[in-house]
Amino acid sequence: MGISLGLVGLGSFGSSFADLFKRHPAVDRIALCDREPERVRKFADDPFFQDKFDEKDAYSSLDEICEADLDALVIITQPWLHAPQCVQALESGKHVYSAVPITNIPDGDEILDWCDKLVETCKRTGLSYMLGETTYYHADTMFCRRKAAEGEFGDFVYAEGEYFHDVDSSCNLREVKARRLASKAGQEWIELEKGYLERGIKSGPMHYPTHSTSGPVCVMNAHAVKVTCYGHRNTTNDEYFDPAEFSDETALFLMSNGATVRICEYREIGLPGSETFRVFGTKGSYREHAWCTNKSRTPLTAEEMRDPLPPEVEEAFREGKTESAAYGGHGGSHAYLVHEFCDAVANERQPAINIWEAARYMIMGVMAHKSALRDGETLDVPDWGDAPE
Ligand SMILES: NC(=O)c1ccc[n+]([C@@H]2O[C@H](COP(=O)([O-])OP(=O)(O)OC[C@H]3O[C@@H](n4cnc5c(N)ncnc54)[C@H](O)[C@@H]3O)[C@@H](O)[C@H]2O)c1
């Protein structure tokens, strides 16, 4: 028998995953949930979903769907909601997949508490949490993990990760914000955010750090131990940046393997959008789609770098609609994220981006922002250890 999944959050990003989760061969039953009823109807009324969807599995709240007898929930709601919703899902006996990041709220201490709570809940319940970090399944990240496993980097010396996403770039962050606020959950956030501002707690781009931190961390299989970070403050009185102390933040980390990592999270930057990492070792290095040694530079295509999907999964996804079909979506990552979660639930194993791994990506950003708020003071970075075997 296959697994049963509930898709919670069928907004812009969640909608682009529904097709793939429904197509995965391990999935027998799909439930749909959103507080905005028309977002559920879009899929509930689609003939394509009918063989795995039953009308009784249409839900209008997380509370309701947590009562259902499902194996797992896929939570793709607004970023400030993820952590409490994932804890609720785990407490209701379900494995959980979360869109990135673990949570995005202005108070770094609160984020640390949520990481702690998620780790504790996974340990106590034995259930799995998976973070849907797209960078983890970019072709170059898969390639670099293979090179690392083969020892081809030698000793890791240095890595860089950067997420350049200017507020007015082609994926316009003002429009994204307006869309996320234009729902019941969005309207509630407007009031909650005011509370943080009244207490003088301001966020920064390092509270959405996983696209830049995950590459170096997962390739080197190391975690941060110290950080120093500085921020750039917006100087044009742009109201988009009002809830944030900084519009750009740049951090330098000492890692557990002795390597140094530089991370940039920029939201006000004269560059096209880019999400990249580079890793440098004593024997080999990876940068800009090429494997390098001290004598050679070998350019590589995405096809040469990515791992294969199991043939039956690839075939099921290839029949899909263009946007979400195999190798579509954020550097081809969507198909791998969906497969990894479904396979982990079906085989009762830890997913690759489990809570212990995910916490490492998130905490780098939290501690970097704290350092920037203290004018670059060097801070220790906590760690929750490796996932249990
Ligand atoms: N590359 C990436 O990894 C990437 C890219 C884009 C978005 N994202 C993440 O995806 C998430 C969703 O973004 P979006 O643009 O789709 O937002 P959105 O506002 O379009 O969709 C969120 C949906 O969640 C629903 N929701 C909220 N609370 C709910 C509840 N309690 N029960 C049921 N439904 C609920 C809302 O009604 C809304 O429809 C964000 O957290 C974002 O960080 C990640």
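Here is a short tour of this predicted model, stop by stop. Residues are numbered from 1 along each chain as its sequence is written. Because the model is predicted, local features need pLDDT of at least 70 and side-chain atom pairs count only at pLDDT 80 or more, while totals for chains, interfaces and linings use all residues.

**Stop 1: the ligand.** Select the ligand and the 27 residues that surround it, each with its C-beta atom, placed from the backbone, within 6 Å of it. Among the closest are Gly9, Gly11 and Phe13. Helix H1 (12-23) and helix H7 (173-181) each give two or more residues to this shell; helices here are DSSP runs of H or I with at least four residues, strands are E runs of at least two, and both are numbered from the N terminus. H1 provides the largest share, 3 residues.

**Stop 2: helix H11.** Now pick residues 311-318. Val313, Ala316 and Phe317 are buried (20 or more other C-beta atoms within 10 Å of their own, placed from the backbone; exposed means 12 or fewer). They sit on the same side of H11 because they cover an arc of only 95° around the axis, taken over the directions from the helix axis to the C-beta atoms. On the other side, Pro311 and Glu312 are exposed.

**Stop 3: backbone oddities.** Most residues other than glycine have a negative phi, and most peptide bonds are trans. Go to Val100 and Pro101: the peptide bond between them is cis, with omega near -10°. Next, Glu348 has a positive phi of about 50° and lies in the loop between H12 and helix H13 (355-373). Finish at Asp375, whose phi is near 55°; this residue is exposed, with 10 other C-beta atoms within 10 Å.
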